[in-house]
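Me: I am a first-year student, and I would like to look closely at one buried spot and the parts around it. Could you take me through it slowly, one step at a time, and then show me how the rest of the chain is arranged?

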Amino acid sequence: MPQRVRDLEPCQERLDQLLARYLRVRQTSERLCAPLQTEDFLIQSMADVSPPKWHLAHISWFFEAFLLTPFLKGYRSPDAAYDRLFNSYYETHGKPFPRARRGLLSRPTVAQVYAYRAHVDHAMSDLLSAPPLEWAAEIARRVELGLQHEQQHQELLLMDIKHIFAQNPLMPVYRDDLPRAPQRTAVPLSWQAYTSGVRHIGHAGDAFAFDCERPRHRVFIDDFRLANRPVNNAEYLAFIDDGGYRRSDLWLADGWSLLQQAGWQAPLYWWREEDAWCEFTLGGLRALDPGAPVSHLSFYEADAYATWAGARLPSEAEWEVAAQGLAPRGNFAESGYLQPMAAPENAEGLQQMFGDVWEWTGSAYRPYPGFKALEGSLGEYNGKFMSGQMVLRGGCCATPEEHIRDSYRNFFYPSMRWQFSGLRLAQEA
Ligand SMILES: [Fe+2]
């Protein structure tokens with residue numbers, strides 16, 4: 001057997017497994033969109049939201065631009081214009097269509113976007129079944145990145161659908177068959193203590209991680225305490241009732257100014273119905289669940305709450321040190337609630353580090369020491385966003401479970417709150 005073919009064998013097996021995973025992940029995206037009507041696919045409710053149709057096309061474009069065009073001989077896109085329309089922000093690849101105008105694209109139609117997906121899937125099958133030998137390892141790496149990218153967009157799809165539906169006075173229900181979380185009394189707040197020392201954070205090893213999670217490196221952590229669970233709705237309501245949104249002394253200046261400008265009085269999606277608070281969810285308008293983690297907070301709201309509570313947000317290093325060794329299990333998209341829920345009543349130890357809500361940290365999203373972006377246009381994936389954003393940890397009820405790790409760094413601008421974001425308190429020891 002020629003040397004090159006023997007070398008390829010483990011790689012081909014890996015590509016076969018990747019193809020099976022590819023098809024599974026791609027089906028999940030379409031399953032998430034199955035409850036939508038054609039009209040729902042077109043709406044862009046704010047500049048940060050993309051129409052569901054655009055998401056479905058863009059995640060296909062990613063495979064086209066970074067795998068099919070460079071590696072599948074004779075590949076042709078169904079329409080050359082897609083390379084501009086569905087390029088999100090890869091300036092070194094080509095000039096992307098402006099983000100804020102995605103909602104103006106009535107064409108291609110939803111049917112054409114689904115046909116585009118099928119076209120890309122067919123070509124990806126061809127590529128992974130008979131890859132050019134010398135590029136097999138690079139192809140496998142890029143497919144994995146493309147799948148992780150698609151999973152990120154699956155969460156974005158749910159966030160965006162929720163935001164789109166929330167604009168409509170009819171309050172459309174994404175899925176009326178979503179199970180309701182059991183009503184539980186929250187576990188009493190307690191504190192876990194951590195001792196000072198030099199620790200390691202960041203991703204190590206060969207398993208997939210984004211470039212921004214590397215390299216693993218040393219950090220010094222002082223003594224600190226971390227709350228056993230995230231802040232819940234009842235606690236956040238006490239902050240509101242205590243004038244939390246009227247007391248400038250609790251707020252960072254940027255947050256206070258935004259609060260006044262936007263008229264914030266409660267988390268996004270909270271609705272006051274006579275004397276009771278309700279919450280708009282993917283299962284429709286529901287009574288607020290007091291024991292569930294509070295969600296859809298901006299960084300400023302999370303920080304103001306922590307100040308009011310006599311605590312602070314944890315740094316991302318503190319969060320990661322506390323999460324190390326815990327199984328990354330929790331209320332993720334697969335559990336089917338698509339809404340944060342309270343931990344079981346007699347749960348002990350650190351709860352809900354993974355799932356339910358992304359937890360704002362007090363750390364800016366900046367490169368780790370020794371950070372190296374991926375080469376070429378894919379280097380634009382994370383590195384260029386390391387300015388003005390804050391890190392969130394742990395995943396949420398809309399995140400695919402297999403997508404999360406203790407080293408995973410999510411990031412949003414401090415003003416943003418359409419993601420499932422909450423907080424966990426920290427204190428000096
Ligand atoms: Fe993307």
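Reply: In this predicted model, Cys278 has a relative accessible area of 13%, and because buried means under 20%, this residue counts as buried. A cysteine raises a second matter, namely whether its sulfur is bonded to another one, and here Cys278 is in no disulfide, since the nearest cysteine sulfur, that of Cys397, is 18 Å away, whereas a disulfide needs two sulfur atoms within 2.5 Å. The count for the whole model comes to 0 disulfides.

What, then, of the cysteine Cys396 and its closest cysteine sulfur? That sulfur belongs to Cys397 and lies 4.9 Å from the sulfur of Cys396, which is too far for a bond. Cys396 is also buried, with a relative accessible area of 0%.

Returning to the surroundings of Cys278, we can look at strand S6, which covers residues 276-281. Of the 6 residues in S6, 5 are buried, so this strand is mostly covered. Strand S6 has a partner before it in the chain, for 4 bridges join S5 to S6, and the two strands run antiparallel. One of the facing pairs here consists of Glu273 and, opposite it in S6, Ala276. Together S5 and S6 form a hairpin with 2 residues between them.

In the turn of that hairpin sits Glu274, whose phi is positive, at about 50 degrees. Is Glu274 buried or exposed? With a relative accessible area of 75%, Glu274 is exposed, which sets it apart from the buried Cys278. Glu274 lies in the loop between strand S5 (270-273) and strand S6, and its C-alpha atom is separated by 44 Å from that of Tyr194, a residue 80 places away along the chain.

Strand S6 is also paired with the strand that follows, because 4 bridges join S6 to strand S7 (residues 284-287), again in antiparallel fashion. In this pairing Phe280 has Leu285 of S7 as its bridge partner, and S6 and S7 form another hairpin, likewise with 2 residues between them. As a general point, strands of a sheet pair through backbone hydrogen bonds, either parallel or antiparallel.

With that in mind, we can turn to strands elsewhere in the chain. There is an open sheet of 3 strands in the order S1-S4-S12, and its pairing is antiparallel. Strand S1 (191-194) and strand S12 (426-428) stand at the edges, and because each has a single partner strand, one side of each is left without a neighbour in the sheet. From one strand to the next, the twist averages 25 degrees. Strand S4 (residues 224-227) is joined to S12 by 3 bridges, and within this pairing Arg225 has Gln427 as its bridge partner.

A further open sheet has 4 strands in the order S10-S9-S8-S11, and its pairing is mixed. Its edge strands are strand S10 (410-412) and strand S11 (421-422), each of which pairs on one side only. Strand S9 (residues 390-393) runs antiparallel to S10 and is joined to it by 3 bridges, with Val391 standing opposite Phe411.

The loop between S11 and S12 holds Arg424, and this residue counts as buried, with a relative accessibility of 0%. Which backbone atoms does the side chain of Arg424 reach? One is the backbone oxygen of Gln351, at 2.7 Å, and another is the backbone oxygen of Gln352, at 3.1 Å.

Burial can also be followed through the nonpolar side chains. The largest nonpolar core has 126 residues, and among those with the most contacts inside it are Met124, Tyr174, Trp251 and Leu423. Helix H5 (residues 136-166) gives the most to this core, with 13 residues. If its neighbours within four places in sequence are left aside, Trp251 is in contact with several residues, including Phe239, Trp256, Leu259 and Tyr300.

Finally, helix H9 (residues 316-323) gives another example of burial: 8 of its 8 residues are buried, so the helix is largely enclosed by the rest of the structure. Its buried residues include Glu316, Glu318 and Glu320 as well as Trp319 and Val321. After H9 comes Gly325, whose phi is positive, near 90 degrees.

Key:
Residues are numbered from 1 along each chain as its sequence is written. This is a predicted model: local features need pLDDT of at least 70, side-chain atom pairs count only at pLDDT 80 or more; totals for chains, interfaces and linings use all residues. Side-chain values use heavy atoms; hydrogens and water are left out. Axes are lines fitted to C-alpha atoms, for helices over the stretch in contact, and angles run from 0 to 180 degrees between N-to-C directions. A nonpolar core is a set of buried Ala, Val, Leu, Ile, Met, Phe, Trp, Tyr and Cys residues joined through side-chain atoms within 4.5 Å. Buried means under 20% relative accessible area, exposed over 50%, partly exposed in between (1.4 Å probe, protein chains only). Contact means heavy atoms within 4.5 Å. A polar contact is a pair of N or O atoms within 3.5 Å; within protein, one must be able to donate a hydrogen and the other to accept it, and residues adjacent in sequence count only if both atoms are side-chain atoms.
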